[in-house]
Each structure stands twice: as structure tokens, then as C-alpha cells.
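Student: Please take a close look at the salt bridges in this model. Which side chains pair, and where do the partners sit?

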Amino acid sequence: MNRGPIGCFDGGASGRFRVMIQTDSLAELPAPWGSYDLSSGEPRAVRIGPRDLWLHRRNGEIWLALGPPPSGFEIRTSRDEAPPSVPPEGSGWSRWATPSGEAKVSLRPVFPDRALVLQPERPFRLLPRAKARVYVRVPLWVRVELPLTDTPNRTALLDEIPLSPLSDTWWGALSHGELAYWLPTTARREMRPELWSPHLAACPLLVTNQASDDLQVEKLAFRVAHLSLFTAEGRFWADESAVTYLGEGEGAQVEMAGLPPAEAPNGRLVMGPRIPAHRGMRARTFGRLAAFPFPGGGE
């Protein structure tokens, strides 16, 4: 996986081509993310937010064990104590035979692979032509990668693991909706210091009402698969998402900036989007709290 400067068109008024700097090595990521050397033959225990992982190299294979997921949704959990040196009994190991003598494993943060359905801290109403900027804290997933010694700058994906459990939900009409995750958190109007954690990313969301009627923001679908992930001063940020509501029949226009947000102008790129968003993309974004009887459903 190559690392270096990446060009991106800044679609703002300047219309300039801007070069972003991608992280040169995993060592630049805040702990406990990064690269782990398993050549000693002893298991390595890693705690990321509410989840424990164990990494082991044995008989030419890479082994991975997971601690049990949190019993409930834990978005702020950040435990300082070290995890147990070995996984709990019955955890089980996943095993991969490697093509060469690989002895290092990388833990890289990524966004979830589906849209997240969430609600603001307090529902609010946007008058026509009004704007509101909110922040969504998204629990990251850990991507377990194996650098391939016989193929420079290439990695093999071993697994992707949610750090906080996410419930499946359905967003949209029954006939033409999409499978999503219900995120039991809140969209906030500000990011305070106590809200940060190593397993969370702050995602700015700019909502604009271009319809002729008021927009009641009760619940929304946040399409994180189109976001880029940046790091700055030991914290994770996403690029700003701009959602423009066009009316009940028109839906919303969604655009991702592709650049570090204003709060972290010197942020370094960790991961690009899973699915690049095309310019002018439209998607159903807003829904009502009582639209469906199960958590997170929206119309």
C-alpha cells in the first residue's frame, strides 16, 4: 500500500488542485494503532477502546483472537489498564498461513462499511435557506493487514473488526431502501475535549435547507463509506460532509470535501473512502423518528 502525496481537486471558490500528505508510516498513527512485530513468538495483546485483540505468530501462521464485544453500545469507553496477556478461555483463534516469513501485522482504522442511521442530540428545525453544522462521533473498525515481504508496498487484508457493536437496520421504504447500521449516539453542535477517544472519529456534517418548507431534522442517514479519514494531533477526523435538502420529492444532495476539515487543516490522510462519491450524488438522508417500529428505520 503506497504512501505519499495525494492530489485532490478543491471544489471551493478557488478551484485549486491541492496536494494532501498521506501518513508515511503506521508509526504516525496514535497508539494503539500501528504495526506490531510478532517475531518473538509471544502473543501481543492490544486494547482499542472497548475491544481487546491478541496477535500471535506460530508455525509460520498469523493468529488472531478477539475478546468479547461490549455487552452494550459503548462509544466513550477508553480503558487505560492493559488487557490480559492471553485471550479468555473459549475465545478461539483465527489463523492465516502466510506466503513468506511475514512477522508483522498492521492495525489500521477504517470507517464502517454501511450508512449509519442516527439522530441529533436534540431534534431541530431548519428554516428555508438555513444551515446547521453538527459533529458525529463514529466508532471506527480495525483493519488487520499483513505487509507482504515478497511484494513491496503491498498488504493482504486479514480481517475487519467493529470496535463497538452496531445493530442492523433498514433505511428507506421497504421496496427500495438499504441495509444500514443503527448508531445509538447523537449529532452534536460542538466537540468538547472529553468526547474524544482513540477508537472514535469526529465527522463534521453541514446541513443546508434549500427547500421552500422547513426541514425537521429528527433522524438522518450518514454515509460514512464515502468519507476519508485523517489524523491530527493524535485525533481522528473525517472530511466535511455537505448535505443539501432539496425537498420531499427531491431528496438531498450529498458531497464529501475530500480534504481535512477546518478544525484540522494540517491533518494527514490515513485512509481514503471505501466508495468514492460522485459529484452531485443524491440520496435519501432525512427521516422521522416514528416512521418504523424497529430501531433506526426511516422513510
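Tutor: What follows goes through the salt bridges one pair at a time and then turns to a single acidic residue in a loop.

The model is a predicted one. The count of salt bridges in it comes to eleven. Side chains of opposite charge can pair when their charged atoms come close.

One of the pairs is Arg 47 with Asp 52, whose side chains meet at 2.7 Å, N to O. Buried means under 20% relative accessible area. Arg 47 has 13% relative accessibility and therefore counts as buried. Asp 52, at 9%, counts as buried because its value is also under that cut-off.

Glu 61 and Arg 95 form another salt bridge, with the closest N and O atoms 2.8 Å apart. This pair links distant parts of the chain: Glu 61 belongs to strand E6 (residues 61-66), Arg 95 belongs to strand E7 (residues 94-97), and the two are 34 residues apart. Their exposure can be set side by side. Glu 61 has a relative accessibility of 17% and so counts as buried. Arg 95, in contrast, reaches 51% and counts as exposed, because the class of exposed residues begins over 50%.

A further salt bridge is made by the side chains of Arg 274 and Glu 160, again with an N to O distance of 2.8 Å. Arg 274 is in the loop between strand E23 (268-271) and strand E24 (281-283), while Glu 160 is in strand E13 (residues 155-162), so the salt bridge ties together parts that are 114 residues apart in sequence. Arg 274 counts as partly exposed, at 30% relative accessibility. Glu 160 has a relative accessible area of 19% and is buried, because the limit for that class is 20%.

Salt bridges can also join into a group. Arg 133, Glu 240 and Glu 263 are linked in such a network.

Last comes the acidic residue in a loop. Asp 214 is placed between strand E16 (200-209) and strand E17 (215-217), in the loop that joins them. Asp 214 counts as partly exposed, with 37% relative accessibility. Leaving aside residues up to four places away in sequence, Asp 214 touches Arg 125, Leu 126, Leu 127, Pro 128 and Asn 209. As for Arg 129, the C-alpha atoms of Asp 214 and Arg 129 are 9.2 Å apart in space, and the two residues are 85 residues apart in sequence.

Key. Residues numbered from 1 in each chain as written. Predicted model: local features only at pLDDT ≥ 70, side-chain atom pairs only at ≥ 80, totals over all residues. Heavy atoms only, no water. Salt bridge = Lys/Arg side-chain N within 4 Å of Asp/Glu carboxyl O. Buried < 20%, exposed > 50% of the residue type's maximum accessible area, 1.4 Å probe, protein only. Helix = DSSP H or I, 4+ residues; strand = E, 2+ residues; numbered from the N terminus. Contact = heavy atoms within 4.5 Å.
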